[in-house]
Amino acid sequence: MKKTLLLLFFFIVVIYSLPAQILADSITTTKALVNQSEVEALRISREVPYQDIKQNNQWQPYDSTYTTTKDLAVWLRFNLENTTEDTISTHIFTKDQYIDIYIKSELGTEHLKNGHLVSLSDRDNKTESYFTEIVLPPSQKSVCFIKLANDYYFSNPNPPILYSRINYLDFVYNALKSEAKSVGFIYFYLITLSCIFIFVLVFWMRLQQRLYFYYLGYLFFQIVYALLVLSTTSASVANFFLHIPSLSRPIFDSVQFTFVGFYIFFILHLLEIHKRYKILSKVLYYFGIFCFVYAVAHAIFNYYFIHVDIGVSIFSIIRFIVLPLNFILIIWILYEVRHPLLKYFVVGQTLFFIGSVLSFYLAYTERFLEPDSIFNFPYALNIIFQIGLLGEVFCFSIAIGENIFLLQKDKELMNEKLIDQLQQNRVLQENMNVELDKKVNEKTDELIQLYSEIEKQKEAEIKSSFTRRIQDMEMLALQSQMNPHFIFNTLNALKNLIMKSRIDNAVVYLDDFSELLRSILQNSAKNIITLEEELEILELYLSLEKNRIGDSFNYRIKAPSREDLSQYTIPPLLLQPFVENAIWHGLNPSEKPEKWLNISFDTSQNLKIIIEDNGIGRIASGKTEKMHKSMGTDITKERLSLYNHTNDTKVLLTILDIEEEGIPQGTRITLTYNN
């Protein structure tokens with residue numbers, strides 16, 4: 001009996017002295033590692049390497065209190081044995097973002113890596129990020145060290161579980177089967193958006209309009225969003241973010257607000273709100289800027305300070321603000337904007353709004369987690385949101401197509417109007433030419449008639465008495481000033497302007513000439529006129545001569561205010577013969593490149609009028625042959641004599657030849673007004 005008790009005691013001691021271990025071949029379904037006596041845990045800094053961990057002696061039993069943080073990792077240690085004569089495998093399931101497994105055996109140490117935020121190229125399991133296979137040769141004992149680390153704080157961690165090979169395959173098969181339709185829709189969404197993106201890209205490259213640029217940004221970030229959703233699935237084709245998984249979570253929400261910002265600017269240009277509705281345009285503009293700023297700030301926050309619960313709170317708060325504001329802006333646009341494409345905006349925005357609100361409602365209430373809910377399918381929140389987005393994209397794509405049609409229609413209408421306008425302009429030009437010819441003929445007849453009336457009036461005044469002699473002399477002066485040679489040159493200049501199609505210049509020239517004749521005719525019936533009226537006639541005459549002679553002739557008139565000149569009276573057309581004589585007999589024969597004529601009126605004391613030119617002078621002028629004899633100076637002298645005889649005011653005339661070293665430099669005529 002004593003021997004039996006002694007043997008039993010030694011057996012119990014041996015059993016408890018053996019290290020606790022997990023038999024891999026005994027796992028027929030699953031085995032959770034938490035709260036297992038065979039499993040020990042250690043929470044320590046993420047920077048501590050494996051070599052230090054295996055030497056650590058502070059291991060404690062593993063329970064649910066061991067959770068990871070951004071700075072702390074959880075290490076698990078347990079013995080794993082294969083007691084069979086066959087190679088078997090077991091699979092460790094965990095949803096931690098970084099998983100490092102070290103398997104220490106007689107053959108050495110094997111290092112396996114996995115996890116959602118581990119790049120696909122570094123993962124040992126290329127298919128699933130949450131399953132890591134451990135292969136055990138026959139009759140092998142191994143010590144497993146598992147490092148669990150996360151960039152995000154999880155308030156409800158998921159402890160690792162050991163799966164048998166059969167249960168692992170069954171789990172993966174069921175997961176792929178349940179995700180098939182959801183993943184298929186995501187691929188359909190990606191392909192559809194990519195085709196539309198290429199279509200719009202061609203339009204933007206050809207037209208270079210902001211409308212297409214904003215729509216490209218809207219589509220591009222929707223494609224990025226779809227790729228981010230795809231990276232959370234089991235799909236492998238075109239799953240680009242599996243290669244840069246650390247970037248996927250920080251930008252997930254930011255990408256959504258980025259394409260919303262592009263969407264707002266797209267609507268501003270599609271409905272031409274930025275051109276017609278200033279206040280609404282500003283509100284939408286700043287709302288779009290807010291979306292961009294929030295997207296950048298949110299990405300930076302998630303990258304440097306990551307906490308799931310805080311992220312969910314920010315998610316809810318922002319959407320409680322944005323969704324009502326979005327609804328208000330929709331109502332505002334419907335109330336104020338009038339545009340042919342508004343109907344597509346209404347339908348598209350309604351689909352987007354329904355998808356956004358429904359997705360947010362399900363996320364907030366967690367109704368999609370209820371087993372009997374119609375929304376209980378993989379990635380329900382993202383797919384519902386994408387369905388609304390896809391409906392909106394279809395509406396806006398149709399709107400862009402119709403916008404191109406409307407632009408083409410407007411272009412054709414503008415071309416038709418342009419053609420009609422050109423035809424009207426041609427008819428108008430022909431009518432203007434006919435009207436101009438008619439006016440020229442009328443003006444010519446009027447000039448001839450005026451000239452005939454002046455001639456008849458002169459003949460009648462010559463036969464009158466001595467009391468009418470002043471008027472007779474004025475008519476002779478008028479005859480000498482407006483001689484046929486001057487009229488001939490004037491009409492030739494007018495003809496030249498018409499032949500050169502300078503219609504506007506011809507009309508101005510003709511009007512000035514008619515006005516000059518009319519002024520002469522009106523003033524010829526007066527004994528005296530003001531110096532201001534004489535200056536106006538003189539300006540008209542000089543303007544015609546300047547127009548006829550060209551740029552080689554320049555004149556300058558220096559006079560005080562018109563009010564001062566209106567206080568003095570002189571015989572009508574007293575100065576014009578001197579000016580005409582200076583131009584025709586002094587400046588016209590001159591070969592100087594610059595010909596000038598200066599006329600000054602000095603009223604500082606008594607009125608003094610000086611007419612000075614740089615012509616050939618009187619001596620040289622008397623030697624040239626002339627087609628007719630100029631009587632202007634003689635007639636003017638006689639008129640001055642009669643004027644001085646019949647009036648208290650005297651006008652004195654002096655003519656001076658300007659010479660320099662015996663060479664004529666011009667002529668200066670001075671008229672002095674003495675009371």
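**A guided tour of helix pairs and a sheet**

Select helix 13 (residues 503–523) together with helix 14 (residues 531–549): their axes come within 10 Å and cross at roughly 145°. The model on display is a predicted one. Viewed as a pair, helix 13 passes helix 14 in a left-handed crossing.

Next, show the side chains where these two helices meet. On helix 13, select Tyr-509, Asp-512, Phe-513, Glu-515, Leu-516, Ser-519 and Asn-523. Facing them on helix 14 are Ile-537, Leu-540, Tyr-541, Ser-543, Leu-544, Asn-547 and Arg-548. Coloured by class, the contact of helix 13 with helix 14 shows seven nonpolar, four polar and three charged residues.

Move now to a second pair of helices. Select helix 5 (residues 245–270) and helix 7 (residues 278–304), whose axes lie 8 Å apart and which pack at an angle of about 165°. An angle over 145 degrees counts as roughly antiparallel, and helix 5 and helix 7 are therefore roughly antiparallel to each other. Here too the crossing is described by its hand: helix 5 passes helix 7 in a left-handed crossing. Their contact comprises 18 nonpolar, seven polar and two charged residues.

The next stop is a sheet. Select strands 2, 11, 6 and 9, which form an open sheet of four strands in that order, with antiparallel pairing. Strand 2 (30–32) and strand 9 (131–136) stand at the edges; each has a single partner strand, so one side of each is left without a neighbour in the sheet. From one strand to the next, the twist averages 25°.

Within the sheet, select strand 6 (residues 88–93) and strand 11 (residues 161–164). These two strands run antiparallel and are joined by four bridges. Which residue of strand 11 is the bridge partner of Thr-90? The partner is Ser-164.

Keep the sheet in view and add helix 3 (residues 165–207), which packs on the sheet. Helix 3 touches strand 2, strand 6, strand 9 and strand 11, and its direction makes about 95° with that of strand 11.

Finally, select the whole chain. How many helices and strands does the secondary structure of the chain contain? The total comes to 18 helices and 18 strands. The chain has 675 residues, of which 44% count as buried. Turning to contacts between residues at least 6 apart in sequence, 73% join residues at least 24 apart.

Terms used: Residues numbered from 1 in each chain as written. Predicted model: local features only at pLDDT ≥ 70, side-chain atom pairs only at ≥ 80, totals over all residues. Heavy atoms only, no water. Pairing = 2+ DSSP bridges. Axes fitted to C-alpha atoms, helices over the stretch in contact; angles between N-to-C directions. Contact = heavy atoms within 4.5 Å. Left-handed = near helix turned anticlockwise from the far one by under 90°. Nonpolar A, V, L, I, M, F, W, Y, C, P; charged D, E, K, R; others polar. Parallel < 35°, antiparallel > 145°, perpendicular 65-115°, else oblique. Buried < 20%, exposed > 50% of the residue type's maximum accessible area, 1.4 Å probe, protein only.
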